[in-house]
Each structure stands twice: as C-alpha cells, then as structure tokens.
Amino acid sequence: MSDQKLQVIPLGGLGEFGMNILALEYGGEILVIDSGMMFPDDELLGVDLVMPDLTFLKENRQKLRALVLTHGHEDHIGAVPYFLSEFDVPVYGTAFTLALVERRLEEHDLGRRPELRTVKPRQVVELGPFRVEFIHVTHSIVSAVALAVTTPLGAVIHTGDFKVDPTPTDNELFDLHTLADYGKRGVLLLLSDSTNADRPGYTESERAVRPRFEEIFSRAEGRILVSCFSSSIHRIEEVLEVAREFRRKVAIIGRSMITATEIAHGLGLLEIPDQILIRPQDVAGTPAKELAVLISGTQGEPMSSLSRVSVDSHRHVTVERGDLVALSSRIIPGNEKGIFRMLDHLERRGADVVYGPMNPPLHVSGHGSMEELRLVLNLVRPRYFIPIHGEYRQLAKHARLAEHLRHVGLKQTFVLESGETLELDREGARKGGRVTVGRVFIDSGSVDDVVGEMVIRDRRHLSEDGIVLPVIAINRHTGRVEQVPEIVSRGFSVGEDGAEFLQGARQVVAQTLESSSPEEKTDWGVMKERVRSDLKRYITKQTSRRPLIVPVILEV
Ligand SMILES: [Zn+2]
Ligand SMILES: [Zn+2]
C-alpha cells in the first residue's frame, strides 16, 4: 500500500463519440492509454480531422512515461502522429495496431524515429509505477487488447473496445480467464466500453454475417461489390472465403483496404485463399459472374473508391444493371446524406444495393451489448467503476448495469465526462479537479495545419451568410483615401434594393474613414476593425444577416 494518490484523467471519449485518450498518474509519472481522433461532423466546415487538446499533457510533459494502445481503430490511434509530434515517449501496442500506426506516421515527418514497441497478449511491461498486462479481447478489429494496470494502490482494468464474441472468425477467444483472475485477486477500478450500453441482449458474433453473404453470392447474377471498414479483417476474411466457395475471383480496391489487408496478411492474421486475388486493372477483363470486389468507402466519403464507382469515375471498376452492391457496415450518424446520395447513384446505374439492418445480418457491431457488459462487470467485480467510451446517456446506462455489484463489493460508480478526474488513495475514491480538454481542428491531414475555433466560426458565417469585402484604397505616402470605397460580396444577396444597399454601405465606410484621425488611418489594424464594426452594424440593421466582413486595404 502507499500514501500516494492515483489519478484517472480522461482527456477525451467520455461524454462524446470518438477521440479516446486517458491518462493515469501516480507518483509523478503518467501513463497515457490510446490517442484517438474524432471525425468532424457537418458543423465543422471543411475541417478534415479533430484531435484531442493535449494541454494537460504538455503542462506535465516531464512526467510522461509511455503511450499504450488498445487497438488500431481511428478513434484510438488517429491522433498518435499528433501526440508524437509533441512527446517523445515509447508507444506500446500489438503488432497489427503498431503497423497501422506506422502507416499513419509515413505521412508525417517527426524528425526522429518513434519508439514503437510490439507486445503480445499476456505480456507484462513495467512502466515506472505501472505494471501493464495486455489481455486479448474480441472486437471488430483483430489484435485488440484490454489492459490490466497494476499500481501500488491496486489493479486498474481498462477494457478498450470489446464484445464477447463466443465464435470469433480467427478463433482467438476473449481471454476471460485472465480477466477473472484479476477479479478474484481484487480490482480497484474498472474502466469499461459503454458504446452499446443501451442495447439489450448480446451482440452477434462476427460469424453471423456468413449466411447473409452466402445468400447474396448465391443470388447475384452480375458483379458483387462488398464494402466494409478497411480495418475489418474478420469481415474481409469472410468475404474471401465465401467468394472461394462460389468460385469468384476477388479484387481489392481502395488504398486503405489494400494497406490493411497487406498488413494483416503479412502478420499472419488474414488467410487469403490461393490464386483468388486479381489486380484492379484485371477487373475489366473478368466476366461479371466470376468477380467479387472488396471496396472501401462505406461512409460515402466523396473521394472514396465506392463513391467514385457510383458516379462512374473509377479507373478500374464500373457498375451496371444486374450488379449487386452490399454495404457491410453501419451508417455513422452524420454521414447519412453522403451515403444515401452514393446509394442513389448506384441504384440509378441499375445495381441492386443491399444495406441496413436485416436478418441474418449484413453487419454486426463490434461492441458488447448489455449482457456482455454485465458479464465483464461480474468477472472483474471492481471496487470502483468508471464507464468509458460513449456519450453521456450510454455512460449513465452502463453505470446502472453495475448497480447489483454493490452487494459484492462495488463501493461507487463515477460517471465522468472528459476533463473530470478521479483520485484514489487508501481512504477511497472521489472526484478530483478539472483539467483542460477540448478539440483541436486540423485541415488536410497534416499535424501542422491546426485550425482555430475562430476559423471554424468564420467558415460557418461564410456558409450561412456569405462574405462582404469593403475594399479601401489608401495612398501610401499621404494616408489619404484615394477612391470611393468598393464593396464586393459573395454568397450574400442583397435582394431588390441591392444598388441602394451597396450605396449605403459605401457611405458607411466613407464616413468611418472621414471620422478617423490621421494616426488611426496609418494604423491599418485599427482601421480594419472600425470599418468592420460600423459596416456590421449597418448590414445587421438593413438585412438582419451576419455575413463575414473582411476589410481589404490596398496601398496605392
Ligand atoms: Zn474499436
Ligand atoms: Zn472505439
């Protein structure tokens, strides 16, 4: 036992969807678990990526010991390059997870070789006061692990993402034994995946999709296109096997899918039947009835392979009447528009598009439902419990599922949101102080292109109310205004009274300029701000709209 405190510091993923990252601090050392990103929704115009705010870790830089990864999904590893551009610490994960990280790192120049350390399930790593054991779990990606982190105060179990798949396609069973061992010896704190805490019963096994694929392959007359998440190696393996059964060749299309299958095959995690694969350029020459295509782009991303096929602009693959397209994935909320547009195009080309819930299923979730969550709670029997990985209602539901454990040693459940901390010591556990959390917006996939909240606000203005540019010509030498100010606008229509409105706007700018002192006129920052605020007042009054106003001063 120890006098020190253990602090649990969720920096993302609690009370929000995606961007999972959590820190454990003990004795002046910090262990970080996962470093994921969040996919931007429509609200964040034009932003490509959303990363967690790492301010807390930056302020505690010298304490940082290591980053430990549970599995290779984007919401767990997507921010690793961003993390490593700030912190030079070793990264631990299974071979498949680290291979995906390495692929991501190829697009970023860290200026040094990152320290990636491969671990296997049941392996133990000592990291300062933390003794970390990796425990195999079943999930929709291969090589996922839970973590048992033993500290001087007791054991902390972090499940990562999981479902309890009784018949995993790779026959790698969930290591419930090891989890139960920890439970028997006593677990201080459990952190467990809450994604499906609002779904009764059990999540179906990955194998449950097999009958659906067999049905699809037996009825399809033309080509078969199957799209799934590129990291769904289990799913890809099922499709390859069914294709072999029905004597169809398979082409893998899309960079992310080719990468993931290459990595998994290279690590012995994906079996590819002999001679089944054909090259993308051989798709055109293969008879429709003998061809299946595994293709990326389940979410209707405009540049993805399937989207391009849907508008007939893919280099190698086309879709015609009689072909069948199966979407073996869920529709991530926020992506409906793009996905449905793509499906409409595919139907218009005559394809039979199969998607959505059905029985037998075409897609199954990777996260455990209520009964699986209960099973893990019962095996681990923690003294304290924090539901993680979910929006608030899912965390709250998961907390309720643990209520019965009060009779067998559960002292308290804490429903925390990102930034709220928990501290544990010999006396017990209680909520601690808040730390800085938030979202960092990044354009074009480069960690250098951080976009501020300001820019997002500007873009929102632009999309809703357009832009107005007052253009002012000032004489560089005399400081005099040389011409009547011009007003240029885009996406901001002024209606029938346009000419009158513009005339008024010009006058407002001219008045602002006239009423400014010579000193103000030489300070262009001040001038721009004055023009902007006067013009804003005028436009709001005349039109009750709020376009983005960007004064432009030309030196003449
Ligand atoms: Zn996952
Ligand atoms: Zn996840």
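## The site of the zinc ion (ligand 1)

In this predicted model, the zinc ion (ligand 1) has as its protein donors His-71 through NE2, His-73 through ND1, His-139 through NE2 and Asp-161 through OD, and these lie 2.1 to 2.3 Å from the ion. Along the sequence, the donor residues follow the spacing H-x1-H-x65-H-x21-D. Two of the donors come from loops, His-73 from the one between β5 (64-68) and α2 and His-139 from the one between β9 (130-137) and β10 (144-151), so this pair ties together parts that are 66 residues apart in sequence. Both His-73 and His-139 are buried.

The angles among the four donor atoms of the zinc ion (ligand 1) run from 88 to 164°, and the site is irregular. To be called tetrahedral, a site with four donors needs all its angles between 85 and 135 degrees, while square planar requires opposite donors over 155 degrees apart and all others between 65 and 115. As a point of reference, the ideal angle for four tetrahedral donors is 109.5 degrees.

## The site of the zinc ion (ligand 2)

The zinc ion (ligand 2) is coordinated at 2.1 to 2.2 Å by Asp-75 (OD), His-76 (NE2), Asp-161 (OD) and His-389 (NE2). This site is also irregular, with angles of 87 to 164° among its four donor atoms.

In sequence, the donor residues of the zinc ion (ligand 2) are spaced D-H-x84-D-x227-H. Distant parts of the chain are linked by the pair His-76 and His-389, which are 313 residues apart, with His-76 in helix α2 (residues 74-77) and His-389 in the loop between β19 (382-388) and α12 (392-401). His-76 and His-389 are both buried.

## The bridge between the two ions

Asp-161 appears among the donors of the zinc ion (ligand 1) and also among those of the zinc ion (ligand 2). This residue bridges the two zinc ions, which lie 3.4 Å apart.

## Cavities in the structure

A search of the whole structure finds four cavities of 30 Å³ or more. The largest of them holds about 90 Å³ of space and is lined by 13 residues, with Asn-20, Ile-21, Asp-34, His-158 and Ile-388 lying nearest its centre. Sorted by class, this lining has five nonpolar, six polar and two charged residues.

The second largest cavity contains about 50 Å³ of space, and its lining has one nonpolar, seven polar and one charged residues. Among the residues that line this second cavity are Gly-13, Glu-16, Phe-17, Asn-20 and Thr-195, together with His-389, which is also a donor to the zinc ion (ligand 2).

Technical notes:
Residues numbered from 1 in each chain as written. Chains lettered and ligands numbered in written order. Predicted model: local features only at pLDDT ≥ 70, side-chain atom pairs only at ≥ 80, totals over all residues. Heavy atoms only, no water. Donors = N, O, S within 2.8 Å, 3.2 Å for Na, K, Ca; no water. Tetrahedral: all angles 85-135°; square planar, octahedral: opposite > 155°, others 65-115°. Helix = DSSP H or I, 4+ residues; strand = E, 2+ residues; numbered from the N terminus. Buried < 20%, exposed > 50% of the residue type's maximum accessible area, 1.4 Å probe, protein only. 1 Å grid on protein atoms, 1.4 Å probe; cavity = no way out; pocket = protein on both sides within 12 Å on 5 of 7 lines; lining within 4 Å. Points joined across faces, edges and corners; volume = space filled by probe spheres on them. Nonpolar A, V, L, I, M, F, W, Y, C, P; charged D, E, K, R; others polar.
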